[in-house]
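Here is a short report to read alongside the coordinates. Have the viewer open, and let us walk through the model together.

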Number of protein chains: 2
Amino acid sequence: MSDVLRRPGPAQPNPMPAVEHRPLDPRVERLVNDLIGRVADKWTMLILEALAEKGELRFSRLADEVHGISQKMLTQTLRQMERDGLVTRTIHPVIPPRVDYKLTRLGLGLGQAFCGVWLWAEAHLEEVEASRQAFDARAVSR
Amino acid sequence: MSDVLRRPGPAQPNPMPAVEHRPLDPRVERLVNDLIGRVADKWTMLILEALAEKGELRFSRLADEVHGISQKMLTQTLRQMERDGLVTRTIHPVIPPRVDYKLTRLGLGLGQAFCGVWLWAEAHLEEVEASRQAFDARAVSR
DNA sequence: CATCACACTCTCCATTTGGTAAGTATAGAA
DNA sequence: TTCTATACTTACCAAATGGAGAGTGTGATG
């Protein structure tokens with residue numbers, strides 16, 4: 001979205017805030033926001049991770065991998081991901097039925113894009129936890 | 001989370017799936033998942049972006065920047081971000097009241113971590129849209 | 001003939017999320 | 001005296017989210 005977010009290095013607070021260059025029209029901005037809202041979903045991210053790790057999984061294996069997901073949410077999330085072009089769904093016409101799910105190039109790319117966030121979360125877990133405890137302690141004492 | 005997700009380049013589907021090295025214990029995994037769920041929230045991301053772009057904003061300026069957010073959600077999200085150590089909250093004891101919000105080092109880092117996802121969304125918007133249309137067309141014809 | 005496996009789909013229900021609107025405290029301006 | 005600005009907080013309500021569990025179709029197996 002903003003160029004400030006895009007560039008590494010300490011962001012300059014506002015040395016020249018008058019410039020205000022927005023390279024995107026609001027339509028694109030809205031679409032990007034929507035897409036991120038859809039894709040930054042808890043289950044989507046966990047399924048993405050499972051598939052990136054295991055390569056290709058059938059429905060019930062996925063259900064095992066993504067601990068705690070209900071059948072309903074697994075189906076629902078996989079359908080959305082298929083619609084968005086993140087996974088392919090291969091139905092083997094056998095009985096009992098067998099369906100394999102696999103990440104597309106698009107899905108793999110998104111998985112890589114999320115790397116940064118995973119790494120940040122891992123790296124700063126304790127810092128965040130400490131901040132929370134300090135905050136809660138302050139709140140209690142007042 | 002997974003090393004596959006962490007490394008750029010086409011992920012190897014499963015040349016040696018037997019290895020299965022998980023460097024993280026489930027506790028950390030759960031914490032990271034929770035943290036990401038909290039932080040990958042729509043409003044959090046938009047506030048993060050506004051603050052990264054503008055540097056420091058008071059409550060009502062933020063409300064203007066983050067289009068469509070309600071007072072309630074703005075307050076709520078800012079409190080969570082403060083608790084997590086992402087923003088600082090500076091109260092100026094004047095009347096009418098004035099409160100300034102600013103990203104911490106931690107908050108800036110998270111903003112940068114999200115870059116990848118914003119860029120991915122921007123870059124693949126049309127691809128996703130095309131996939132959706134194709135999917136919907138298929139669904140209708142059946 | 002009953003059972004099981006598998007990948008769903010559907011219904012019902014509880015929780016969560018989030019919006020709207022009203023209230024609060026304070027001092028200066030009209 | 002009333003109005004305004006500001007940053008909230010609270011109460012209420014509607015919508016979305018998501019879990020539990022039952023139902024479905026089919027062929028192999030006991």
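How many residues surround DNA strand D, and which are the closest? There are 19 of them, and the closest are Ser70(A), Lys72(A), Gln71(B), Arg89(B) and Tyr101(B). A residue counts as near a molecule or strand if one of its heavy atoms lies within 4 Å of it.

Before going further, some notes on conventions. This is a predicted model, in which local features need pLDDT of at least 70, side-chain atom pairs count only at pLDDT 80 or more, and totals for chains, interfaces and linings use all residues. Residues are numbered from 1 along each chain as its sequence is written, chains are lettered from A and ligands numbered from 1 in the order in which they are written, and side-chain values use heavy atoms, with hydrogens and water left out.

**The two DNA strands**

Of the atoms of DNA strand D within 4 Å of the protein, 63% belong to sugar or phosphate, and bases supply the rest. Base contacts include Lys72(A), with a polar side-chain atom 2.3 Å from a base oxygen, and Gln71(B), with a polar side-chain atom 2.5 Å from a base nitrogen. The elements that give two or more residues to this surface are helix 5 of chain A together with helix 4 (59–65), helix 5 and strand 3 of chain B. Helices here are DSSP runs (H or I, at least four residues), as are strands (E, at least two), and both are numbered from the N terminus.

DNA strand C is surrounded by 18 residues, and the closest are Ser60(A), Gln71(A), Arg89(A), Tyr101(A) and Lys72(B). Sugar and phosphate account for 62% of the atoms of DNA strand C that come within 4 Å of the protein. Arg89(A), for one, places a side-chain N or O atom 2.5 Å from a phosphate oxygen of this strand. Two or more residues each come from helix 4 (59–65), helix 5 (71–83) and strand 3 (98–103) of chain A, and from helix 5 (71–83) of chain B.

The table gathers polar contacts to phosphate, where a polar contact is a pair of N or O atoms within 3.5 Å; within protein, one must be able to donate a hydrogen and the other to accept it, and residues adjacent in sequence count only if both atoms are side-chain atoms.

| Side chain | Partner | Distance |
|---|---|---|
| Arg89(A) | phosphate oxygen, DNA strand C | 2.5 Å |
| Tyr101(A) | phosphate oxygen, DNA strand C | 2.6 Å |
| Ser70(B) | phosphate oxygen, DNA strand C | 2.8 Å |
| Ser60(B) | phosphate oxygen, DNA strand D | 2.8 Å |

By class, the surface near DNA strand C has 8 nonpolar, 5 polar and 5 charged residues, while the one near DNA strand D has 9 nonpolar, 5 polar and 5 charged. Ala, Val, Leu, Ile, Met, Phe, Trp, Tyr, Cys and Pro count as nonpolar, Asp, Glu, Lys and Arg as charged, and the others, Gly among them, as polar.

**The sheets**

Chain A has 6 helices and 3 strands, arranged along the sequence as α-α-α-β-α-α-β-β-α. Its 3 strands form an open antiparallel sheet in the order 1-3-2. Strand 1 (56–58) and strand 2 (87–92) of chain A are at the edges with a single partner strand each, so one side of each has no neighbour in the sheet. Strands pair if DSSP finds at least two bridges between them; strand 2 and strand 3 of chain A are joined by 6. Within that pair, His92(A) has Arg98(A) as its bridge partner.

In chain B, strand 1 (residues 56–58) pairs with strand 3 (residues 98–103) in the antiparallel sense over 3 bridges, and Arg58(B) is matched with Asp100(B). Strand 2 (residues 87–92) of chain B also pairs antiparallel with strand 3, over 6 bridges, with Val87(B) opposite Leu103(B). A hairpin through 5 residues joins strand 2 to strand 3 of chain B.

**Helix 3 of chain A**

Buried residues (under 20% relative accessible area; exposed is over 50%, partly exposed in between; 1.4 Å probe, protein chains only) make up 42% of the 142 residues in chain A. In helix 3 of chain A, 12 of the 13 residues are buried, so this helix is largely enclosed by the rest of the structure. Among them are Trp43(A), Leu46(A), Glu49(A) and Lys54(A). At the start of helix 3, a side-chain oxygen of Asp41(A) reaches to within 3.1 Å of the backbone nitrogen of Trp43(A). After the helix comes Gly55(A), with a positive phi near 90 degrees.
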